[in-house]
Amino acid sequence: MDKLFQLLVFCAIVGIGIYFTFPYNLSNADLYATLKSIGITLVLTVGGVMIGICVGFFLAFLRMLHIKIINFFIDEYIDIMRGTPIVIQLLIFAYVIFATLSDNFIAALVALGLNSSAYIAEIVRSGIQSIDKGQMDAGRAMGLSYTTTMKEIIMPQAIKNILPSLANEFIVLFKETSVVGYISVNDITLQSKTLQAIVYNPTPMIFAAIIYYALVKIFSWFVKLLEWKLHKND
């Protein structure tokens with residue numbers, strides 16, 4: 001009953017919000033650009049998370065080897081990515097590293113992914129360390145290699161522990177895509193600013209906020225479903 005009520009409230013908020021804020025007097029070109037901007041935001045989010053997960057897990061595994069020189073460079077990388085604003089990182093990737101590219105989409109994707117990887121690396125590290133060290137020793141005592149022990153014994157348990165944090169990072173990254181307009185990537189936020197200049201009122205910005213809210217809510221439901229499936233046999 002509670003879930004049904006939540007669904008009805010969600011549908012009401014989104015439906016009423018879109019009805020009153022959607023800019024109905026758009027040309028076909030503006031409507032297409034709006035739909036495309038939503039797609040760009042989703043692609044940046046999914047692509048950024050995939051890059052973040054791949055790089056983040058790799059860095060976390062390297063740190064678990066406890067090689068001082070490698071850990072030093074990984075720590076510096078994480079500190080740089082977490083210690084500098086994402087906007088500055090976007091500008092560096094767009095106008096320094098990928099300056100030869102005419103489209104800044106790749107720069108935005110890589111910048112978001114690498115920024116996310118620093119946070120994911122810490123999330124994964126804490127998840128691995130939350131597992132009792134005796135399980136690693138038991139796996140090695142059975143003749144399993146370090147990599148096999150991590151893959152078959154440690155990581156399945158760690159993933160259950162870190163899933164809520166990973167989901168939160170996904171949502172944070174989704175909202176952080178709103179800054180890619182600084183390098184002229186036409187996401188939902190930049191498109192809403194363009195529409196605001198066309199219709200001369202703030203409703204496009206509110207419309208963008210509703211789109212963000214709706215997608216975050218849907219993401220959250222999928223994560224809760226995944227958590228339930230992972231924990232149903234516990």
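I take helices here as DSSP runs of at least four residues, numbered from the N terminus, and I keep in mind throughout that this is a predicted model.

**Entry 1: backbone outliers**

I began with the loop between helix H2 (28-63) and helix H3 (68-83), where His66 is found. His66 is not a glycine, yet I read a positive phi of about 60 degrees for this residue. I then looked up its accessibility, and His66 counts as exposed because its relative accessible area is 58%, with the cut-off for that class set at over 50%.

I noted a second residue of this kind, Ser184, which has a positive phi of about 65 degrees and is likewise not a glycine. Ser184 lies in the loop that runs between helix H7 (146-176) and helix H8 (188-199). With a relative accessible area of 59%, Ser184 is exposed.

**Entry 2: the largest pocket**

I turned next to the pockets, and for the largest I have a volume of about 350 Å³. I listed the residues closest to the centre of this pocket, which are Val49, Ile53, Leu166, Ala167 and Phe170, out of 16 that line the pocket. The elements that each give two or more residues to this lining are H2, helix H5 (105-129), H7 and helix H9 (203-231). Which element gives the largest share of the lining? I find that it is H7, with six residues. When I sorted the lining of the largest pocket by class, I obtained 14 nonpolar residues, one polar and one charged.

**Entry 3: the second largest pocket**

The second largest pocket holds about 280 Å³ of space. Its lining includes His66, the residue from my opening entry, along with Met64, Ile128, Gln129 and Tyr146 among others. H5, helix H6 (133-141) and H7 are the elements that give two or more residues to this lining. By class I have seven nonpolar, two polar and three charged residues here.

**Entry 4: cysteines**

I searched for disulfides and recorded zero in the structure. I also checked the accessibility of two cysteines: Cys11 is partly exposed at 42% relative accessibility, while Cys54 is exposed at 54%.

**Entry 5: aromatic pairs**

How many aromatic pairs does the structure hold? I recorded 10. I looked up Phe57 and Phe61, which form an edge-to-face pair with 6.3 Å centre to centre and 75 degrees between the planes. Both residues lie in helix H2, four residues apart, which is about one turn of the helix. Are Phe57 and Phe61 buried or exposed? Phe57 is buried because its relative accessible area is 15%, below the limit of 20%, whereas Phe61 is partly exposed at 29%.

I then examined Phe72 and Phe73, an edge-to-face pair whose ring centres are 5.4 Å apart, with 75 degrees between the planes. Phe72 is partly exposed, with a relative accessible area of 47%, and Phe73 is exposed, at 54%.

Last, I noted one aromatic cluster formed by Phe170, Phe174, Tyr212 and Phe219. I had already met Phe170 in the second entry, as one of the residues closest to the centre of the largest pocket.

Conventions: Residues numbered from 1 in each chain as written. Predicted model: local features only at pLDDT ≥ 70, side-chain atom pairs only at ≥ 80, totals over all residues. Heavy atoms only, no water. Buried < 20%, exposed > 50% of the residue type's maximum accessible area, 1.4 Å probe, protein only. 1 Å grid on protein atoms, 1.4 Å probe; cavity = no way out; pocket = protein on both sides within 12 Å on 5 of 7 lines; lining within 4 Å. Points joined across faces, edges and corners; volume = space filled by probe spheres on them. Nonpolar A, V, L, I, M, F, W, Y, C, P; charged D, E, K, R; others polar. Disulfide = S-S within 2.5 Å. Phe/Tyr/Trp six-rings, centres within 6.5 Å; stacked < 30°, edge-to-face > 60°.
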